[in-house]
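Visitor: I should like a close look at a single part of this model, with the criteria behind each statement given in full. Please then relate that part to the rest of the chain.

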Amino acid sequence: MLFNSSSKISHHHNIMDIRKLKPKSLPKPKIAQDFLKEPETPKPMEVKRRTVKTLVTKLGSVSERTRVDALCELRLMTKLDAESRPLIAEAGAVPYLAETLYSSSHSSQDNAAATLLNLSISSRATLMSTRGLLDAISHILRLHASTSYASAVQSSAATLHSLLIVDEYRPIIGSKRDIIYSLIDIVKHVGSPTRSVKDALKALFGIALYPLNRKTIIELGGVGTLFSLVMKDLAVGVVEDATAVIAQIAGCEESEEEFRKVSGVGLLVDLLDGATSSSMRIKENSVGALLNLVRCGSEKVGREVREMGLGVGVVEGIADVAENGSGKGKGKAVSLLKVIYGGNGCVVRDERFDSLLNQCSS
């Protein structure tokens with residue numbers, strides 16, 4: 001009995017000891033811990049990165065439908081979400097997009113070109129380092145009047161303009177004579193949509209910002225094409241863009257002879273005459289072109305500019321720029337007035353012009 005009683009008491013104490021144990025002190029199996037753990041919500045940027053990777057992978061699919069759908073989604077992402085652009089470029093989309101520019105499908109050309117344009121806003125280095133990209137853009141531009149879709153041509157020219165914002169890319173793109181030739185041909189072609197012409201002019205302007213590219217534009221017939229566009233009296237915006245390019249290419253020695261062939265000085269002087277109702281931007285570009293001609297050309301072209309510039313309406317136009325133009329425009333106009341009056345040994349009696357000329361020396 002003593003043995004049994006002792007056994008019961010011992011058993012009772014064991015039960016009590018177990019009851020005294022706090023639940024939290026009981027170890028939980030690791031699997032249970034993992035199961036009970038709150039699932040982590042993926043960060044928005046990580047979700048975007050995964051989505052982008054999936055879409056870019058689909059660009060290489062053997063299924064055309066899969067490729068087209070992915071391309072449409074990527075275009076929309078690059079348009080609406082700025083954060084996605086570098087992710088798409090880093091994921092390797094650019095080579096696929098460049099290859100798609102060779103597609104016979106207008107829809108695919110359009111989507112690829114528009115996506116490249118959007119990517120060029122934030123990933124210029126990636127685009128320029130992609131082998132064959134400029135050749136693909138050249139292909140689209142070259143066939144602007146036949147198999148290339150108009151909006152794809154426009155986006156491709158606009159992409160060039162975007163890339164040309166970077167100084168070091170200007171000589172690289174300018175070395176591609178086929179690109180410059182195609183841009184000039186778009187401007188020259190009668191059937192080119194106005195939007196295509198404007199985008200081509202902006203790309204040519206970016207190319208012409210690098211001095212050594214100006215000679216190439218002249219050699220490929222750019223001067224005659226640009227002045228022909230000005231004489232057609234098209235929409236103001238087109239003439240503004242055309243004269244902007246003219247002002248740039250006037251800044252090289254080779255321009256003098258080509259300008260003389262198309263009576264360039266006379267046409268620029270006419271644009272400054274109040275009777276033509278030119279916009280301020282056209283006047284500023286004309287002033288810049290005449291000043292560049294004088295600075296880079298011979299004494300003969302300088303004399304021509306001085307003689308033609310003495311017309312009353314022309315001087316008024318230059319003075320208008322000097323008084324009401326942009327900061328750069330004002331400075332160039334005052335310099336041109338000095339060239340016109342100083343070179344002819346004239347004494348300026350008009351107080352208004354006298355005051356403007358004094359700005360140049362002050």
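Guide: Because Lys261 and Glu258 are 3 residues apart in helix α17, about one helical turn separates them. Helices here are DSSP runs of H or I with at least four residues, strands are runs of E with at least two, and both are numbered from the N terminus. The two side chains form a salt bridge, with 3.0 Å between the closest N and O atoms. The term denotes a side-chain nitrogen of Lys or Arg within 4 Å of a carboxyl oxygen of Asp or Glu. Lys261 counts as exposed at 57% relative accessibility, whereas Glu258 is partly exposed at 22%. The classes are buried, under 20% relative accessible area, exposed, over 50%, and partly exposed in between, using a 1.4 Å probe and protein chains only.

The basis of these values should be stated. The model is predicted, so that local features need pLDDT of at least 70 and side-chain atom pairs count only at pLDDT 80 or more, while totals for chains, interfaces and linings use all residues. Residues are numbered from 1 along each chain as its sequence is written, and side-chain values use heavy atoms, with hydrogens and water left out.

Helix α17 (residues 255-261) also holds Phe259, and this residue leads to the aromatic pairs. The count of such pairs is 1, where rings of Phe, Tyr and Trp (its six-membered ring) pair if their centres lie within 6.5 Å; planes under 30 degrees apart are stacked, over 60 edge-to-face, and the rest tilted. Phe227 and Phe259 make up the pair, which is edge-to-face, with 5.2 Å centre to centre and 85 degrees between the planes. Phe227 belongs to helix α15 (residues 222-231), so distant parts of the chain, 32 residues apart, are linked by the pair. Both Phe227 and Phe259 are buried.

Phe259 also appears in the largest nonpolar core, which has 94 residues. Such a core is a set of buried Ala, Val, Leu, Ile, Met, Phe, Trp, Tyr and Cys residues joined through side-chain atoms within 4.5 Å. Phe259 is among the residues with the most contacts inside this core, together with Leu141, Leu160, Leu183, Leu201, Leu268 and Ile318. Leu141, residues up to four places away in sequence not counted, touches Val153, Ser156, Ala157, Leu160, Ile179, Ser182, Leu183 and Ile186; contact here means heavy atoms within 4.5 Å.

Ile186 is also a neighbour of Ser196, whose contacts beyond four places in sequence are Ala150, Gln154 and Ile186. Ser196 lies in helix α13 (residues 194-208) and is buried, at 4% relative accessibility.

To return to charged pairs, the count of salt bridges is 17. One of them joins Lys283 and Asp320, whose closest N and O atoms are 3.0 Å apart. Since Lys283 is in helix α19 (residues 280-296) and Asp320 in helix α21 (residues 312-324), the pair ties together parts 37 residues apart in sequence. Lys283 is buried, with a relative accessibility of 10%. In addition, salt bridges with shared partners join Lys198, Glu240, Asp241 and Arg281 into one network.

A further salt bridge brings together the side chains of Lys176 and Asp135, at 3.9 Å from N to O. Lys176 sits in the loop between α11 (170-174) and α12 (177-188) and Asp135 in helix α9 (residues 133-142), so this pair ties together parts 41 residues apart in sequence. Lys176 is partly exposed at 28% relative accessibility, and Asp135 is partly exposed at 40%.

Two threonines complete the account. Thr78, in helix α4 (residues 64-80), is buried, with 0% relative accessibility. Its side chain reaches the backbone oxygen of Arg75 at 2.8 Å. Beyond four places in sequence, Thr78 touches Ser84, Arg85, Ile88, Thr115, Asn118 and Leu119. Thr126, in helix α8 (residues 124-128), is partly exposed at 27% relative accessibility. Its contacts beyond four places in sequence are Ala89 and Val94. Between the C-alpha atoms of Thr126 and Ala89 the separation is 6.7 Å, although the two residues are 37 residues apart along the chain.

Note on methods. Polar contact = N/O pair within 3.5 Å; in protein donor to acceptor, adjacent residues only side chain to side chain.
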